[in-house]
Amino acid sequence: MELAWYALLGLFFATYLVLGGYDYGVGLLLARGATPQARRATLNAVGPFFLGNEVWLVAAVGILFGAFPTLEGELLSGLYPAVLGALIGVVLVTAGVQLRSRPRAGAARTGWDRVVVAGSVLAALGWGALLGGLLQGVPLSGDGHVAGVGHLLTPFVAAAALALLALVAVQGATFLTLRLPAADVPSVARLARGLVPVALAAVAAATVLGLLSDRVRAAVGRPAVAVLLPLALVAALLVARAALRRGRAGVAFAATSVALALPVPLVGAALWPRVLVSTTDPAASLTVADAAASGPTLALLGWLALPLVPALLGFQAMCWWVFRGRTDGRAPVYW
Amino acid sequence: MDPLLIARLQFATTTSIHFLFVVVTLGLVTLLVGLQTAGFVTGKPVYERLTRFWGQLYVINYVLGIATGIVMEFQFGLNWSGLSRYVGNVFGAPLAIETLVAFFLESTFLGMWIFGWHRLRRGVHLALLWGVALTAYASAFWIMVANAWLQHPVGYEVRDGVAHLTDFGALLTNPTLGFAFGHVVSAGLVTGGVLMAAVSAWHLLRRTPDFLLFRKSLRLGLVTAALAVTTLQGFGFAQFGPVGELQPTKFGGGADRDALVAEWTAKFGPGDYTPPVLSSVGLGFMILIGFTLGCVWLLLPLLWRDWIIRWKFPLWLVLLGVPLPFVAVILGWIAREVGRQPWVAYGLLPTGQAVSPVSAGLMLTSLIVFTLLLGTLAVTNWVLLARHAARGAHDPALGRPPTPDTDHHPDPVFA
């Protein structure tokens, strides 16, 4: 039962990284200095999906609270600075994207676009730091609380944050090759291809720093799974690059999506059966089973999730289907 | 500074800002459902124009509702990890249900509704708005289930210091739930109605071109506010009975209170178990505002032959009434929430035990950052709302028929 809920939590958070990833990626690309029309066009390429993307995060935290209450408290307060940064980023992007076109003045819109860029950077860095922080363990003491926040200040966490930022940028550019009018595709495809080596370098840096870190080596229970993570990321990025060169936007987007989704299951599997690994007292580590809510709560939520999760996926799929294809002059513009 | 005080201040700030936007969302979405359904049934263009105008204001308002809502959700884990540790098994369930049943679907539907104009069939587009409204109400319901449990914990047993769920049905029949939910929903409708009437009154006073359109929304807003203010007062006063009985410390003295305080002192040790005076003072003001808003009934006869518009001064009264529901909802929440201090879960988990063991400096940083961020966004949002309300229903961006490039007007070329 706990495993099923852990998997569902992973599914929602990974989907959030994939879908929110292109929101933030597109947000980052507003910094390119394009014309006002081009900036608005890129945001409206995300358009109808934007509100439906970020709620995957809301649902993931809801599952975290309902099914893993102990983990919820310790994870969020134990990695406070990373969560704080990500949360500020999420709020800025949410407000920025939806409000940027409400003023008519060009200067105000440019200002809001900067807010979106800053928010996208913060959100990507924050979630990257969270995943990095999980992989290197936290100073969890015997009383079940994480002591202090200085443990996050390591080169590995910084590299993990930058790696996610690079992956998100690639994801955003690749998404645009799928959605923008055909005439605009070559330039964003070039940009996406150019970003792939940056992402590869960031992933390589995080891998090296992770291998050198005593804490990461100690925290990871299954090194084979952990080593698989950078290898799979590199493979996905190379596939994306090749697909972009051949103009296969769909394949490229699938590959970059895999690259953003994979860290979640692989970090989970590498730490399994623990979820918060203590760096100070091995016996204090929090396992998935310990972190889960008690039986009656999980049973109640389980009966509810059984019909509900297919319905949620169905309505999201409806959104993707209704607004499939490239944007064109006839597509609604609101953001 | 004391981390507990900072955490409480942050919760109060975030919740208050959140609620100021949520009441408008709840009220306006109900009115929008009425407007778009009327347009669908009658086929009159005025209803589509009304839906676009009020829909745009609704969507702008929704931005801050969602932004503050996300912060609220994370705040439980960031600042109140004891809450999830000791009572998460019970309290977490309605919150999880709320995110999955309501928040998730509400946003998914709203995204499709905003971008679905002129693209989806009219029936599907209308169904999406119904979906947004129903999930908004579901959201309010499940949040109230969670809040009612904190007011009066039921359906659980404590084993090894941790609460476990025993009877989920008891959470749904919680005596602090039903009337409070009706009260909150009525407050949303009153706020939405007053806002709609006031914006319309402004346009009618300024004699902007859309007389018939704003006459219609003035009437709709006033009638909605009048009907809802009556249920608002009813549900409000109905709560005194159960709440006074279940929370003897909330409204002051009595033998019940002394007995309960003695019981708590024996169980949890000596301490101050009475809530701050602030909460009951606010309650008095809220009731006064409630009676003032009830006077909206006196305006209804003036709708006959448009006397309300011809006389003008009733329109000014409506305009001046805008801040009232907002002040009242904040005072109401202060009475409910501050009134249960010093407990997070009444009589079960003291506030001090629920706060995260995070340093005061870090928590203060979080308080300052989020207060400035959400405060700035809230003010900006209200400015944008006011500007769009003033701009009128001429051509809102929401539902504008698509053209190749909406903002780009090429200069005429003379060959």
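The turns below discuss how chain A and chain B pack together in this predicted model.

User: How many residues of chain B are in contact with chain A, and which element gives the most to that side?

Analyst: In the contact between the two chains, 61 residues of chain B meet 60 residues of chain A. The elements that give two or more residues to the side of chain B that touches chain A are α2, α3, β2 (162-165) and α16 (360-391) of chain B. By class, this side of chain B has 37 nonpolar, 18 polar and six charged residues. The element that gives the most to it, with 24 residues, is α3(B).

User: Are α4(A) and α3(B) roughly parallel or roughly antiparallel?

Analyst: Helix α4 (residues 69-78) of chain A packs with α3(B) at an angle of about 150 degrees, and their axes are 7 Å apart. Because angles over 145 degrees count as roughly antiparallel, that angle makes α4(A), relative to α3(B), roughly antiparallel.

User: Which class of residue, nonpolar, polar or charged, has eight members in the contact of α4(A) with α3(B)?

Analyst: The crossing of these two helices, α4(A) and α3(B), is right-handed. On the side of α4(A) the residues are A:P69, A:T70, A:E72, A:G73, A:E74 and A:S77, and they meet B:S81, B:S84, B:R85, B:G88, B:N89 and B:G92 in α3(B). Divided by class, the contact has one nonpolar and three charged residues, while the class with eight is polar.

User: How are α3(A) and α2(B) oriented, roughly parallel or roughly antiparallel?

Analyst: Helix α3 (residues 50-67) of chain A and helix α2 (residues 45-79) of chain B have axes 11 Å apart and pack at an angle of about 25 degrees. The crossing of α3(A) and α2(B) is left-handed. Since angles under 35 degrees count as roughly parallel, the orientation of α3(A) and α2(B) is therefore roughly parallel.

User: How many nonpolar residues does the contact of α3(A) with α2(B) have?

Analyst: From α3(A) the contact draws on A:V58, A:V61 and A:F65, and from α2(B) on B:I70, B:E73, B:F74 and B:F76. By class, the contact of α3(A) with α2(B) has no polar residues and one charged residue, and the number of nonpolar residues is six.

User: Which residues of chain B is A:V83 in contact with?

Analyst: A:V83 and A:A60 are the residues with the most contacts inside the largest nonpolar core, which has 276 residues. The largest share of this core, 21 residues, comes from helix α3 (residues 81-115) of chain B. Leaving aside neighbours within four places in sequence, A:V83 is in contact with A:L76, A:G126 and A:L130, and, in chain B, with B:F74 and B:L78.

Technical notes:
Residues are numbered from 1 along each chain as its sequence is written. Chains are lettered from A and ligands numbered from 1 in the order in which they are written. This is a predicted model: local features need pLDDT of at least 70, side-chain atom pairs count only at pLDDT 80 or more; totals for chains, interfaces and linings use all residues. A nonpolar core is a set of buried Ala, Val, Leu, Ile, Met, Phe, Trp, Tyr and Cys residues joined through C-beta atoms within 7 Å. A residue is buried if 20 or more other C-beta atoms lie within 10 Å of its own, exposed if 12 or fewer, and partly exposed in between; C-beta atoms are placed from the backbone. Helices (H or I, at least four residues) and strands (E, at least two) are DSSP runs, numbered from the N terminus. Two residues are in contact if their C-beta atoms, placed from the backbone, lie within 7 Å. Axes are lines fitted to C-alpha atoms, for helices over the stretch in contact, and angles run from 0 to 180 degrees between N-to-C directions. Angles under 35 degrees count as roughly parallel, over 145 as roughly antiparallel, 65 to 115 as roughly perpendicular and the rest as oblique. A crossing is left-handed if the near helix is turned anticlockwise from the far one by less than a right angle, and right-handed if clockwise. Ala, Val, Leu, Ile, Met, Phe, Trp, Tyr, Cys and Pro count as nonpolar, Asp, Glu, Lys and Arg as charged, and the others, Gly among them, as polar.
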